[in-house]
Protein chains: 4
Amino acid sequence: MSTPSQNSQDRSANLPPAPDVIRAASAELIVSDLAASRAFYVDVLRLVVTEETDDAIYLRSFEEYLHHSLVLRKGPVPACAALSYRVRSAAELDVAQTYYQALGVPVRRLSAGTKRGIGEIVAIEDPLGFPVEFFYDAEHVERFTQRYDVHGAGAIARLDHFNVVTPDIAAARSYYEGLDFKVSEDIQDSDHTVYAAWMYRKATVHDVALTGGDGPRLHHIAFSTNERHQILHICDQLGALRQSDKIERGPGRHGVSNAFYLYLRDPDGHRIEIYTQDYYTGDPDNPVITWDVHDNQRRDWWGTPVVPSWYAEASPVLNLDGEVADIVERVESSEAALTIGADGFSYTRRDDGSKEGVKLGEQV
Amino acid sequence: MSTPSQNSQDRSANLPPAPDVIRAASAELIVSDLAASRAFYVDVLRLVVTEETDDAIYLRSFEEYLHHSLVLRKGPVPACAALSYRVRSAAELDVAQTYYQALGVPVRRLSAGTKRGIGEIVAIEDPLGFPVEFFYDAEHVERFTQRYDVHGAGAIARLDHFNVVTPDIAAARSYYEGLDFKVSEDIQDSDHTVYAAWMYRKATVHDVALTGGDGPRLHHIAFSTNERHQILHICDQLGALRQSDKIERGPGRHGVSNAFYLYLRDPDGHRIEIYTQDYYTGDPDNPVITWDVHDNQRRDWWGTPVVPSWYAEASPVLNLDGEVADIVERVESSEAALTIGADGFSYTRRDDGSKEGVKLGEQV
Amino acid sequence: MSTPSQNSQDRSANLPPAPDVIRAASAELIVSDLAASRAFYVDVLRLVVTEETDDAIYLRSFEEYLHHSLVLRKGPVPACAALSYRVRSAAELDVAQTYYQALGVPVRRLSAGTKRGIGEIVAIEDPLGFPVEFFYDAEHVERFTQRYDVHGAGAIARLDHFNVVTPDIAAARSYYEGLDFKVSEDIQDSDHTVYAAWMYRKATVHDVALTGGDGPRLHHIAFSTNERHQILHICDQLGALRQSDKIERGPGRHGVSNAFYLYLRDPDGHRIEIYTQDYYTGDPDNPVITWDVHDNQRRDWWGTPVVPSWYAEASPVLNLDGEVADIVERVESSEAALTIGADGFSYTRRDDGSKEGVKLGEQV
Amino acid sequence: MSTPSQNSQDRSANLPPAPDVIRAASAELIVSDLAASRAFYVDVLRLVVTEETDDAIYLRSFEEYLHHSLVLRKGPVPACAALSYRVRSAAELDVAQTYYQALGVPVRRLSAGTKRGIGEIVAIEDPLGFPVEFFYDAEHVERFTQRYDVHGAGAIARLDHFNVVTPDIAAARSYYEGLDFKVSEDIQDSDHTVYAAWMYRKATVHDVALTGGDGPRLHHIAFSTNERHQILHICDQLGALRQSDKIERGPGRHGVSNAFYLYLRDPDGHRIEIYTQDYYTGDPDNPVITWDVHDNQRRDWWGTPVVPSWYAEASPVLNLDGEVADIVERVESSEAALTIGADGFSYTRRDDGSKEGVKLGEQV
């Protein structure tokens, strides 16, 4: 029987070269009410508006100099319309086109300006069912790194990563390894079932996280701040606005990635993570960390229980024709079922007996 | 029918003067295993050991110059053995003795040195059933305010307050008003049932919080840090030690008091709050804030649900003979029953309908 | 020969009771250009505008609920027009009037509303030559403690203290001791010449600091933030606005008071300190700390040299007729001359020889 | 006449391929007293000791998993003995050897273990005169990222960069461009004289900074923290230890790089920077920022003057035979002479006249 990584090598042996991806660069979300979305992304999160049209808002964060890292587009069904990776040069677009045609997935070439501020794009439906775009050229705009006069108390610095829900983590990992993404961390059980994996091109813990579940769905996109107090301020501000129900989970410290985190839900329920201080992964021998799915500190280093909605809910995605993609169910066991609730099992100290070390005050 | 404050005035009219209390100053906890407690209070919380004997450890935090603000004493039943208030001068001890004798509660006078590092003490069982001590004289030790060479990343600065569980908040408030404590904030419902009240002598939100429930029980004692990252570090450190199950609730931002908080449980289950950045209350007209018991942000400004154990569990207290005090049940309605679980009701925005605005991912 | 404190006792024995001061509460500064001052205090420091007229702006910070803690008034000569202390009740105004009449200094009683938002005022020229006001009644306005939606990244919480330049520190200290202010810290030399003293009513290091020099002049007024990053942001923002020349000294850590600090100069040269995290002084036996004037870490715990302008420059003050008060020269030796420059002497480690331990890179 | 970059292209056209450098990875400093150095690097900076011998200490910071990032070796003359870059694979060592032999500089191949914990090394004297080592293989040790139980309040996360003093910045830049380092920022005057340049391989502002001056000398090595309060703590701790004279410059915010910084001097005068929060530079079109040498905010965003020692002093370097390398004087004009002191010129606002906008309280 072949392992996933052997599959990957076998397949890639027959494939043309994969495009050289730099990093997760931009996302496009369909929202039902632009004004409501603007109130969240601009008035609360203080993302910078690069451009605004009747049906879309183009946003970036303070250290970004490309035209946008987030597009909010008005549409009938809240969904993820695109996840965009930047490639190392315009020539990589041809590489991408050839590669995905060989993979046999839908591929379209969009001329420069089809998406505002962005040059030519190769848009595909990836083998996991996600609408993914590759681009190199983009309009440069002012980098607000030192514009402290407009930074708010919750200043957001960069788009950091995507987190996608997909039923078969081994297959998804193999696909991303084909694009030369490397695994930094994953969650497994003793039978080597993989529940989630974190994969990167830029020298951080991830550009994309793979979360096991019914998919394709977008679990969240994540932006980074420089310090933790900026994340705490976002919570305080949502409290002041009586919108604390937009806080879904956190703030807390991840076990996986070691980052300090917060999960918000936008007015359409799209999940946004605010994230800071994972670690450098840029050396070729960066150690891979595997977490036991039953380890109570893997998802939150402080043992705070994960709320069920965080496991259950995610945004649908659109295919290249703008239709909501069909969902494939996960067959393997569910992290949520294994670890929370009446049947779940988790531990804080590895040598504790079953059910030991469960956090005081556990609610379910 | 007289109101509680009228009762208070009536009663105080017939009472001798109350002692002039400066602040909450020290607590004594009975613990079952000194070594386990030391690992928590000294190795994790990094409290400074002033003195250590076979059966007790005397601790202080970095900005304190009196001998101790916490005594851990080995004993058969984990309990609170004393809550100590400092009075403004040694002469106030006579005032206290006379006052409590007039109140008709048990009063004992302890000679200097009965408690290490502390001068003469007037020990009483207060009308709420708590073992309370008053003292003025105390041994001065080095104040470690600028001993940054020994401050850890989670440096604790001061003892801040006590939180006591007592069945009748109106009566408890009236008693403390007799001691010239003032209310900064409270939690009520539309029928004026009071669920909790925060009362102070020093110019902060509280020296003592009154929490409605079966009592007398000690809900928690609280220490302050100077900044929030110091509280976050304590969480991170407990994660590193695989003791995250000692984190009961938080970190978060309180609605009441506005302080940033964390609740820990020590090895015997005594609850310790780490707390920072409430606000100045020292002016005579400091506005009193009343919170609606159904306001989802009163206990946590970010709307994070309070874990049931936080409402249900508390430490027993000892009487002056060292026996565990009997518990009186609360008759009025319970904040926990009203606001969490299947029957509870809470709102985030006051004008929302019932059950609206409940935090996403609510677990119960 | 009597010591200053004996003088104080002798004098106070013959004086009527002094008013019961709560704290430093407000200052009024004459500025030459209201728009320029507004750009600094409102657009940069983000103080909250309570009220604004043709010739004045009334400002408060986020945790204050009285009408204002700073008045900027347009006038021909930049100066300090008033330092206001709040007293414990309206009845204390009569006490103040009687007290200052007995002291033989100019006293005026201003009816409620003479100063916007403030009730009756007793205005005096204090024995040090400063225009000082006492008030109790004041209009309450919204306390923005939890209005995180309007807090900027450099959110200022409270007015903390005044710092006044006066030639005879012993006399000034004696005067303030007559008002029941206590000393928390001072700077002396081995001959007991006192160069500065910090005195408080509220339970912090000071409500007023006395700085030896030609006076009466206002050295600075200070506002507090809750955390240090808020102070750092103010610096970053001034950099972004290309106004870094408004930063005179710091940020740094004071030796005296242990507070983290920053000194700014407003458009008229009035000095504003932003300050955080001194320590609790509310117990009667709070230890007094005396620093050696030659200790290199007294003014900055990190040994950063004090810039000469900080010693030399200060704002003139007005008398009750609105005229600039005459300056009396300091006779005793100057801290600046003793400790910086070619003739100065300072040490980092007490047992080092002269000139040892001077900070690397010392410029003068 | 050819420009430096043309030179670079010309030369590189004739050169074999350059080795693929990942990042600045390690430095070796000769110190005169290991115990004194240990007190600084281990007891104050809390670097982790991987290994210790009679004549050397091998240190790493909390997020590093290679054997060391700093070697302190006892020797007769305090100096820099090596700056080490990690290459992408062991095969790159051959590439490096061939490349430097073609460049005509001294090259030595050291077998694995010659330096503890490190595999084979190619050691060279680079064209600027610095002792530089390339390695790939290294012993993995525990990564302390989540060992919060041993992180101090000033926890250092990573080695970030080297800063070298060299007389001819154009030549030095050209040399590093030959190694595929890119410029992120530089300092020039209107005549295009370059005073300093920042160059990177990893996706930060720099792995190496080139500072114009007499060289080869090591200006400093820099370590990163995750947050700014950790840097502030290091200052506070040095104050507590009465070693504030080890603080040479800062803390402050750099204009160049935007990082928050602090410069320390170790017991031998080697300069160590503690640094945090520069920005991502990993995209191929990362905008290059050129600062005017007269811009008062280039070196410190808050306009704090640079102390003269920071410009004047640096550590000598050793050649491959362990002898102190000869110094070549800089011919072009000096940044220090141009911008500080009696003859210097700088501005805060570009449109101000000469000498305008100089920071208040400027000392020289």
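**Chain A against chain D, and some local backbone features**

Me: Across the interface of chain A and chain D, how many salt bridges does the rule find?
Reply: This is a predicted model, in which local features need pLDDT of at least 70 and side-chain atom pairs count only at pLDDT 80 or more, while totals for chains, interfaces and linings use all residues. Residues are numbered from 1 along each chain as its sequence is written, chains are lettered from A, and side-chain values use heavy atoms, with hydrogens and water left out. A salt bridge is a side-chain nitrogen of Lys or Arg within 4 Å of a carboxyl oxygen of Asp or Glu, and one such pair is A:R86 with D:D285, at 2.6 Å from N to O. Across the interface of chain A and chain D, the number found by this rule is eight.

Me: What area is buried between chain A and chain D?
Reply: The contact (heavy atoms within 4.5 Å) takes 34 residues from chain A and 34 residues from chain D. Buried area is the accessible area, with a 1.4 Å probe, that two parts lose on being put together, summed over both. Carbon and sulfur atoms give 42% of this area, and the value for chain A and chain D is about 3000 Å².

Me: Over which residues at the start of chain A is the pLDDT below 50?
Reply: The pLDDT, the predictor's confidence in each residue from 0 to 100, averages 93 in chain A, where 92% of the residues score at least 70. Where pLDDT is low, the predicted coordinates should not be read in detail. The pLDDT stays under 50 over residues 353-364 of chain A, and it is also below 50 over residues 1-9.

Me: Is D:H68 buried or exposed?
Reply: D:H68 is found in the loop between β3 (56-60) and β4 (70-74) of chain D, where strands are DSSP runs (E, at least two residues) numbered from the N terminus. Beyond four places in sequence, its contacts include D:Y58, D:R60 and D:K115. Buried means under 20% relative accessible area, exposed over 50% and partly exposed in between, with a 1.4 Å probe and protein chains only. Because its relative accessibility is 4%, D:H68 counts as buried.

Me: Which residue does the cis peptide bond from A:G215 lead to?
Reply: Most peptide bonds are trans. The bond from A:G215 is cis, with omega near 10 degrees, and the residue that follows lies in the loop between β12 (208-212) and β13 (217-224) of chain A. That residue is A:P216.

Definitions and conventions: Helices (H or I, at least four residues) and strands (E, at least two) are DSSP runs, numbered from the N terminus.
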